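Please open the model in your viewer, colour it by chain position, and keep a selection box ready. The stops below can be followed in order, each beginning with something to select.

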Amino acid sequence: MSVRILKAICYPRGRDFLDADRGSSSSRIWRLIVDGCEVLKEGLIRRIGTGETTTIWMMNWLPLESLHRPIRLDKPNSPQMVSELINQAEVAWKYDMLEVDAMTIANIPICTRRQEDFWAWHFDKQGSFLVCSAYHMLVHQQEQHDTAVRNIAGRSDR
């Protein structure tokens, strides 16, 4: 019951919690929840079953260190759903369609039984969200940012 009330008040237009936004006059608690959701989004990745509910270009689904989705190609009639990259009859990737991140995609196992795609936490082998893994993810991101800033500041074009 309380979930329905929270959804009706805080994100009535969103399809699910991940689509929620701060809104113009939200409470401090709701703003903190949305900030936490942003961290959650960075570590969530789609595990591929049938591929029918995962968009190739807009959802995180590649098990990579940083960007978890391919960079969009500007090709006409490019596939939109992961299912379009799977040969369901042979339970194999359509290698002729894999251009960007082909090796990464080819290494994703395809489920032999009909299973829906689902969200999982990328930084845990079982896919379960752990606060400590989220903390480590944020620390790692900050270290990468600091290194990049130091490298830019250390450069000289003279």
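Partly exposed, as the term is used on this tour, describes a residue whose relative accessible area lies between the 20% under which a residue is buried and the 50% over which a residue is exposed. By that rule T53, at 35% relative accessibility, counts as partly exposed. Please keep in mind throughout that this is a predicted model.

**The whole chain**

Begin with the protein chain in cartoon view, where you should find four helices and four strands, which follow one another from the N terminus in the order α-α-β-β-β-α-β-α. If you then switch on a surface, the protein chain exposes about 11200 Å², of which carbon and sulfur atoms supply 56%. Buried residues make up 29% of the 158 residues. Among the contacts in the protein chain with a separation of 6 or more, 50% are between residues 24 or more positions apart.

**The loop between β1 and β2**

Select T53, which has its place in the loop between β1 and β2, and then add F118, which is 65 residues away in sequence but 8.7 Å away in space, C-alpha to C-alpha. Leaving aside neighbours within four places in sequence, the residues in contact with T53 are R46, M59, M81, E116 and D117.

Stay in this loop and select E52, whose side chain meets that of R114 in a salt bridge with an N to O distance of 3.0 Å. This pair links distant parts of the chain, since R114 belongs to the loop between α3 (102-106) and β4 (118-121), whereas E52 belongs to the loop between β1 (44-47) and β2 (86-87), 62 residues apart. The two partners can also be compared on the surface, where R114 is exposed with a relative accessible area of 63%, while E52 is partly exposed at 36%.

Now move along to N77, also placed in the loop between β1 and β2, and check the backbone there: phi is near 60°, a positive value in a residue other than glycine. N77 counts as exposed, at 80% relative accessibility. For a second positive phi, select V91 in the loop between β2 and β3 (92-93), where the angle is about 50° although the residue is not a glycine. V91 counts as partly exposed, at 33% relative accessibility.

**Helix α2**

The structure holds two salt bridges, and for the one not yet visited, select K41 and E38, whose side chains meet at 3.3 Å, N to O. K41 and E38 are three residues apart in helix α2 (residues 28-43), and therefore about one helical turn separates them. Both ends can be seen at the surface to some extent, as K41 is partly exposed with a relative accessible area of 28%, and E38 is partly exposed at 36%.

**The nonpolar core**

Next, select I56, W61, V82, L85, I86, W93 and I105, the residues that touch the most other members among the 13 residues in the largest nonpolar core. Which residues does I105 contact, leaving aside its neighbours within four places in sequence? With I105 at the centre of the view, you should find W61, L62, W93, L98 and V100 in contact with that residue. In soluble globular proteins, nonpolar side chains tend to be buried together.

**Aromatic rings**

Three aromatic pairs are counted in the model. One of them is formed by W121 and F129, which meet edge-to-face, with 4.8 Å from centre to centre and 80° between the planes. W121 is buried, at 1% relative accessibility, whereas F129 is partly exposed, with a relative accessible area of 42%. Add F123 to the selection, and you have the cluster of W121, F123 and F129 that is linked by ring pairs. Then turn to W119, where R46 lies over the face of the ring, at 4.9 Å from the ring centre.

**A last stop at H122**

Finally, select H122, which is found in the loop between β4 and α4 (131-154). Is H122 buried or exposed? H122 is buried, because its relative accessible area of 19% is under the 20% cut-off. Not counting residues up to four places away in sequence, H122 touches G43, I45, R47, P63, L64 and H68.

Technical notes
Residues are numbered from 1 along each chain as its sequence is written. This is a predicted model: local features need pLDDT of at least 70, side-chain atom pairs count only at pLDDT 80 or more; totals for chains, interfaces and linings use all residues. Side-chain values use heavy atoms; hydrogens and water are left out. A nonpolar core is a set of buried Ala, Val, Leu, Ile, Met, Phe, Trp, Tyr and Cys residues joined through side-chain atoms within 4.5 Å. Buried means under 20% relative accessible area, exposed over 50%, partly exposed in between (1.4 Å probe, protein chains only). Contact means heavy atoms within 4.5 Å. Rings of Phe, Tyr and Trp (its six-membered ring) pair if their centres lie within 6.5 Å; planes under 30 degrees apart count as stacked, over 60 as edge-to-face and the rest as tilted. A charge sits over a ring if NZ of Lys or CZ of Arg is within 6 Å of the ring centre and within 35 degrees of the ring normal. Helices (H or I, at least four residues) and strands (E, at least two) are DSSP runs, numbered from the N terminus. Accessible areas come from the Shrake-Rupley method with a 1.4 Å probe; for residues, only the protein chains shown count as cover. A salt bridge is a side-chain nitrogen of Lys or Arg within 4 Å of a carboxyl oxygen of Asp or Glu.
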